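Please read the following account alongside the sequence and the coordinates, turning to the elements as they are named. The discussion starts from a single strand and moves outward from there.

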Amino acid sequence: MTQQGYLVDYHVHETYSSDARNSTVESYIKVAEKIGLKEIAFATHFIITGYDKFFGIQEHQIADYVENIKNLDETTDVKLLVSLEVDYFPDEEKRLEKILDDYCFDYVLGSTHYPNDVDIGSRKHAPGFFAGRSLGEACDEFYSFTKMAVESGLFDVVAHLDYWRKFLHLVRDEPVELKDYGTVVYDLFDAMNSHEVGLEVNTSGRRHKHGVQYPIKEFLQAAYASGVDRITIGSDSHVPDTLGYWLPEAVDLLRDLGFNGISRYKDRKRTLHPI
Ligand SMILES: [Zn+2]
Ligand SMILES: [Zn+2]
């Protein structure tokens with residue numbers, strides 16, 4: 001079956017994310033039914049510490065969040081999955097582990113928006129991450145941090161693996177190539193394989209200034225060559241209008257690169273959906 005026949009979106013933000021306050025689960029269901037989307041995995045932000053701690057869902061709200069999605073799942077043919085986009089903080093592994101074990105998530109999406117406490121998704125803070133060193137050196141730091149996230153065992157999938165490109169245009173004009181990504185990224189692939197952690201093709205990059213999905217095609221090629229074959233796809237929607245955005249194209253890209261399927265999850269168990 002092709003993705004066109006069974007379209008899924010595994011990265012969607014709803015009202016508990018501060019940047020998606022008006023985007024209710026119900027409003028996404030309406031769009032999903034209209035465009036024929038078969039599964040939505042809600043992955044609202046969960047930022048356990050740091051200055052953006054109150055930006056996502058709070059720990060005491062998680063039970064209601066899960067219950068709301070499970071209740072609404074009964075009202076539609078669209079399968080609704082429960083996830084969180086969890087920011088990784090090395091000092092919080094124990095607390096994160098306990099919280100993630102306490103609830104029935106279908107899958108858990110790990111994010112590294114704050115490598116060593118720098119907010120690389122911020123116009124204000126991103127330039128500092130690149131200052132005074134080569135892009136390869138900055139990437140080595142980013143991927144060392146991401147590798148720790150993978151090795152923590154907390155996550156099923158890691159989100160948007162070259163999200164650092166979002167505001168790179170503020171410090172650099174030329175487009176990036178894989179050779180700019182440093183060397184640690186290959187250790188990351190090995191860690192992903194040994195810990196059975198997948199990567200995500202995140203199409204929000206198409207809506208950002210640089211206009212390319214996360215990660216770039218050459219990155220996906222290198223991941224494939226390294227044996228990484230657990231892939232989810234997500235629009236990273238914060239409004240219903242972008243639900244499913246560019247996902248059929250992402251599947252075409254993956255198929256062209258040789259990937260034979262995308263991952264689906266239920267109760268944190270993965271199945272391969274052929275493409
Ligand atoms: Zn993110
Ligand atoms: Zn997101």
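In this predicted model, strand β6 is a convenient place to begin, with Gly198, Glu200 and Asn202 pointing one way from the strand and Leu199 and Val201 pointing the other way, and with all of these residues buried. This arrangement follows a general pattern, since in a regular strand the side chains alternate between the two faces of the sheet. Taken as a whole, β6 spans residues 198-202 and is mostly covered, five of its five residues being buried.

What strands pair with β6, and in which sense? On one hand there is β5, made up of residues 157-158, which pairs with β6 in the parallel sense over two bridges. Within this pairing, Val157 stands opposite Gly198 of β6. Between these two strands the chain passes through helix α6, residues 184-194, and the resulting β-α-β crossover from β5 to β6 is right-handed. On the other hand there is β7, residues 231-234, which runs parallel to β6 and is joined to it by four bridges. Here Leu199 has Ile231 of β7 as its bridge partner. From β6 the chain reaches β7 by way of helix α7, residues 217-225, in a β-α-β crossover that is likewise right-handed. Further along the β6-β7 pairing, Asn202 stands opposite Gly234 in β7.

These pairings belong to an open sheet of seven strands, whose order is β1-β2-β3-β4-β5-β6-β7 and whose pairing is parallel. Because β1 (residues 7-12) and β7 stand at the edges with a single partner strand each, one side of each is left without a neighbour in the sheet. The general rule behind such assemblies is that strands of a sheet pair through backbone hydrogen bonds, either parallel or antiparallel.

The helices may be considered next, starting with α8, which comprises residues 247-257 and lies across β1, β6 and β7, running at about 155 degrees to β7. Helix α6, already met as the connection between β5 and β6, also packs against helix α5, residues 135-151: the axes of α5 and α6 come within 8 Å and cross at roughly 10 degrees. With angles under 35 degrees counting as roughly parallel, α5 and α6 are therefore roughly parallel to each other. On the α5 side the residues that meet α6 are Cys139, Asp140, Tyr143, Ser144, Thr146, Lys147, Val150 and Glu151, while α6 contributes Val184, Val185, Asp187, Leu188, Ala191 and Met192. Sorted by class, this contact of α5 with α6 has eight nonpolar, two polar and four charged residues.

Some features of the loops also deserve a look. In the loop between β6 and α7 lies Pro215, and the peptide bond that joins Tyr214 and Pro215 is cis, with omega at about -10 degrees. In the loop between β4 (residues 109-111) and α4 (residues 126-130) is found Asp117, whose phi is near 70 degrees, a positive value in a residue other than glycine. Is Asp117 buried or exposed? Since a residue is exposed if 12 or fewer other C-beta atoms lie within 10 Å of its own, Asp117, with 11 such atoms within that distance, is exposed.

A further pairing involves β8, residues 261-266, and β9, residues 269-274, with Asp267 found in the loop between them. In contrast to the parallel pairing of the seven-stranded sheet, β8 and β9 pair in the antiparallel sense over six bridges. As part of this pairing, Ile262 stands opposite His273 in β9. The hairpin has two residues between the strands, and there Asp267 takes a positive phi near 50 degrees. Asp267 counts as exposed because it has 10 C-beta neighbours inside 10 Å.

How many of the six residues of β9 are buried? The number is zero, so β9 lies largely in the open, whereas β6 is mostly covered. Pro274 lies in β9 and is exposed, with 11 other C-beta atoms within 10 Å. Pro274 and Gly211 are 63 residues apart in sequence, and their C-alpha atoms are 27 Å apart in space.

Terms used: Residues numbered from 1 in each chain as written. Chains lettered and ligands numbered in written order. Predicted model: local features only at pLDDT ≥ 70, side-chain atom pairs only at ≥ 80, totals over all residues. Buried ≥ 20, exposed ≤ 12 C-beta atoms within 10 Å, placed from the backbone. Pairing = 2+ DSSP bridges. Right-handed = clockwise from strand over helix to strand, strands pointing away. Contact = placed C-beta atoms within 7 Å. Axes fitted to C-alpha atoms, helices over the stretch in contact; angles between N-to-C directions. Parallel < 35°, antiparallel > 145°, perpendicular 65-115°, else oblique. Nonpolar A, V, L, I, M, F, W, Y, C, P; charged D, E, K, R; others polar.
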